[in-house]
Amino acid sequence: MNMISKNAILAIILLVSTHLPAQNTSFRLGIRLGYGVSVNKDMDKILVPEDYYSNYTFKDKWQLTPTVGVFAQYHVDGSIIGVEGGFSYWQKASQLVYNDNKELNYKVTPRYNYIGVSALLKIYPWRKGFNISIGGRAGANLNGKGISYESNQEDSKFANYHFATVAETERLMKEKLTGQPDIAVGGGFGYEIGKHWNIDLRYFLGLNSTIKTERNDYNWAEHSTHGQNIELSISYLFKL
């Protein structure tokens, strides 16, 4: 091999090697950990679908929920557009609190676990750092009977009402009020710190009903409920 050929091969190797790192930095693999709050409103319309009586109140309470995930991100340095997709675990939870003028109270707390996929478009207004994301996620419900129930209905002052036990009421709710898969749209804001760290604040709204009411003898009615999640997470990204 003559000197010209050797020099040409060396030049090609140097040219490729100088361009590969820049291409590789466009793709990153990330691990995400986060926590947030969730609520599932309108459960009261399942339990009390009609005005059977008055002098009672319902209140929906947000619940703390975790989220973890792995994802791939593509964003060319200096570009205004990026994409992200991956696999995640998350929860949807809520608590419905009932009180009335007879001092009866109860709490219904559905907490469902999901595993699924997510896909988001990311917009970088200043081409790096701060970004706006929009997209959605879909997941399978891992515990369709994940509902719990607390009440003071077994107190002696309610003996004349012949209420079922708390345990029996919870069993019936697990059987007749079942958690569904989650399909949600969402988005939020994020900020990338250097080449490896991301902080994201995102909101997701369920498109399908969180709970399905099975046929029952307890006047529990079918009513569409849409869960909401607000999640704050931190991610670490690896170069591919």
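Modeller: Let's start with one word: a residue is called buried when its relative accessible area is under 20%. The model in front of you is predicted, and 40% of the 240 residues in this protein count as buried.

Biologist: Okay. How many helices and strands are there in the protein?

Modeller: You'll find three helices and 13 strands. Now look at contacts with a separation of 6 or more: 73% of them join residues 24 or more positions apart.

Biologist: And the outside? What share of the exposed surface do carbon and sulfur atoms supply?

Modeller: They supply 63% of the roughly 13,400 Å² that the protein exposes.

Biologist: Can you show me one residue up close? Is alanine 184 buried or exposed?

Modeller: Alanine 184 has a relative accessible area of 5%, so it counts as buried. You can find alanine 184 in strand S10, which covers residues 182–193. Leaving out neighbours within four places in sequence, alanine 184 touches Gly135, Gly136, Arg137, Phe204, Leu205, Gly206 and Leu207. Take glycine 135: it sits 49 residues away along the chain, yet the two C-alpha atoms are separated by 8.7 Å.

Biologist: Next, the core. Which residues touch the most other members of the largest nonpolar core?

Modeller: That core has 21 residues, and the ones you're after are Leu47, Val108, Met173, Leu177 and Trp220. At least two residues each come from helix H2 (44–47), strand S5 (95–100), strand S6 (105–123), strand S8 (147–151) and helix H3 (166–176). S6 gives the most, with four residues.

Biologist: What does tryptophan 220 touch?

Modeller: Skip residues up to four places away in sequence, and tryptophan 220 is touching Ile46, Leu47, Leu172, Met173, Lys176, Leu177 and Thr213.

Biologist: How do I read the empty spaces?

Modeller: Here's the general idea: roll a probe the size of a water molecule over the atoms, and you see where empty space is left. In this structure, the largest pocket has a volume of about 670 Å³. Tyr53, Leu104, Tyr106, Tyr149 and Phe163 are the closest to its centre, out of 24 lining residues. H3 gives the most to that lining, with three residues.

Biologist: How does the lining of the largest pocket split by class?

Modeller: It has 16 nonpolar, six polar and two charged residues. Now try the second largest pocket, at about 220 Å³. Its lining has two nonpolar, seven polar and six charged residues. Of the 15 residues in that lining, Lys128, Gly129, Glu192, Gly194 and Lys195 lie nearest the centre.

Biologist: What about closed spaces? How many cavities of 30 Å³ or more are there?

Modeller: There are two. The largest cavity has a volume of about 150 Å³. Among its 16 lining residues, Arg32, Arg137, Arg202, Phe204 and Glu231 lie nearest its centre. Strand S11 (197–206) gives the most to this lining, with four residues. By class, you get five nonpolar, five polar and six charged residues.

Biologist: And which residues line the second largest cavity?

Modeller: Met43, Ile46, Leu47, Val108, Ile147, Leu177 and Ile211 do. This cavity holds about 40 Å³ of space, and its lining counts seven nonpolar residues, no polar and no charged. You've met some of these names already: Leu47, Val108 and Leu177 are listed with the core residues that touch the most other members.

Key: Residues numbered from 1 in each chain as written. Predicted model: local features only at pLDDT ≥ 70, side-chain atom pairs only at ≥ 80, totals over all residues. Heavy atoms only, no water. Core = buried A, V, L, I, M, F, W, Y, C linked by side-chain atoms within 4.5 Å. Buried < 20%, exposed > 50% of the residue type's maximum accessible area, 1.4 Å probe, protein only. Contact = heavy atoms within 4.5 Å. 1 Å grid on protein atoms, 1.4 Å probe; cavity = no way out; pocket = protein on both sides within 12 Å on 5 of 7 lines; lining within 4 Å. Points joined across faces, edges and corners; volume = space filled by probe spheres on them. Nonpolar A, V, L, I, M, F, W, Y, C, P; charged D, E, K, R; others polar. Areas by Shrake-Rupley, 256 points an atom, 1.4 Å probe, with all protein chains shown as cover.
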